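Trainee: I would like to learn how to read a fold from its coordinates. Can we go through one case step by step?

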Amino acid sequence: MRGFEATSGLLRDRIRQAGESRGFAVTRLLTHWAEVAGEDLARVTRPVKVGFAKGSFGATLTLLVKPTDAPLVQMQLPRIRDRVNACYGYAAIGRVVLTQTAATGFADGQAQFEHAPATAAAKPPAPEMLARARDTADGVQDEGLRKALETLAQNILTRRSS
């Protein structure tokens, strides 16, 4: 028993393995893309893979981008390359290319970008479930704890009914 442990520590090896399978030696490029590329570019791009060609210096970074944003991103490729190389700490990336589909298949190419339309909101729970959740946390004096218990009860009751 190690007690409580940060989630990042538990997932570190899995994230590293998944990143390395696509050529990302530095997983920070994936996990902190908004910091590396900048907020404006991170909203319209996603790093897909890093490819290494034999006999050439520097790897090729492939970015997923929507067709409508591609011309604006294309103009900023030198800036992206410089910022990614700063993340690596050396000139690891020699070239940045854009793709409108992911390297592994069509499903990956349908990445959700921040400015994509919002999905439909979930329907509210039934009134009888709200009443049961309220009854569950009824005797608790602390307002914050009572609301948290009500929310937990709503989640549990909703899962059981669906």
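Mentor: What follows goes through the core, the strands and a surface patch of this predicted model.

Trainee: Start with the core. Which residues have the most contacts inside the largest nonpolar core?

Mentor: In soluble globular proteins, nonpolar side chains tend to be buried together. Here the largest nonpolar core has 22 residues, and W33, L61, I80, V84 and I93 have the most contacts inside it. At least two core residues come from each of α3 (33-37), α4 (39-42), β2 (59-65), α5 (70-75), α6 (77-88) and β3 (93-99).

Trainee: Which element gives the most to this core?

Mentor: That is α6, with 5 residues.

Trainee: What is I93 in contact with, beyond its neighbours within four places in sequence?

Mentor: I93 is in contact with V50, A59, L61, R81, V84, N85 and Y88. One of these also appears in the strand pairing: A59 has I93 as its bridge partner in β3.

Trainee: How do β2 and β3 run, parallel or antiparallel?

Mentor: They run parallel, joined by 6 bridges. On the pairing of β2 with β1 (residues 45-51), the sense is antiparallel, also over 6 bridges. Within that pairing, G51 has T60 as its bridge partner in β2.

Trainee: Why is β2 described as largely enclosed by the rest of the structure?

Mentor: Burial is judged by relative accessible area, with under 20% counting as buried. In β2, 6 of the 7 residues are buried, so the strand is largely enclosed by the rest of the structure.

Trainee: Now a single residue in β3. Is T99 buried or exposed?

Mentor: T99 lies in β3 and counts as buried because its relative accessibility is 18%. Leaving out residues up to four places away in sequence, T99 touches V48, T62, L63, L64 and V65.

Trainee: What does R95 touch, with the same sequence neighbours left out?

Mentor: R95, also in strand β3, touches A59, T60, L61 and R81. R95 and R81 are 14 residues apart along the chain, yet their C-alpha atoms are separated by 7.0 Å.

Trainee: And the surface? Which residues make the nonpolar patch?

Mentor: L145, L149, L152 and I156 make a nonpolar surface patch of about 320 Å². Among them, L149 is found in helix α8 (residues 143-161).

Trainee: Is L149 exposed or partly exposed?

Mentor: With a relative accessible area of 31%, L149 is partly exposed. The exposed class requires over 50%, so a residue at 31% falls short of that class.

Note on methods
Residues numbered from 1 in each chain as written. Predicted model: local features only at pLDDT ≥ 70, side-chain atom pairs only at ≥ 80, totals over all residues. Heavy atoms only, no water. Core = buried A, V, L, I, M, F, W, Y, C linked by side-chain atoms within 4.5 Å. Buried < 20%, exposed > 50% of the residue type's maximum accessible area, 1.4 Å probe, protein only. Helix = DSSP H or I, 4+ residues; strand = E, 2+ residues; numbered from the N terminus. Contact = heavy atoms within 4.5 Å. Pairing = 2+ DSSP bridges. Patch = residues over 30% accessible without salt bridge, like charges linked within 9 Å, V, L, I, M, F, W, Y side chains within 5 Å. Areas by Shrake-Rupley, 256 points an atom, 1.4 Å probe, with all protein chains shown as cover. Salt bridge = Lys/Arg side-chain N within 4 Å of Asp/Glu carboxyl O.
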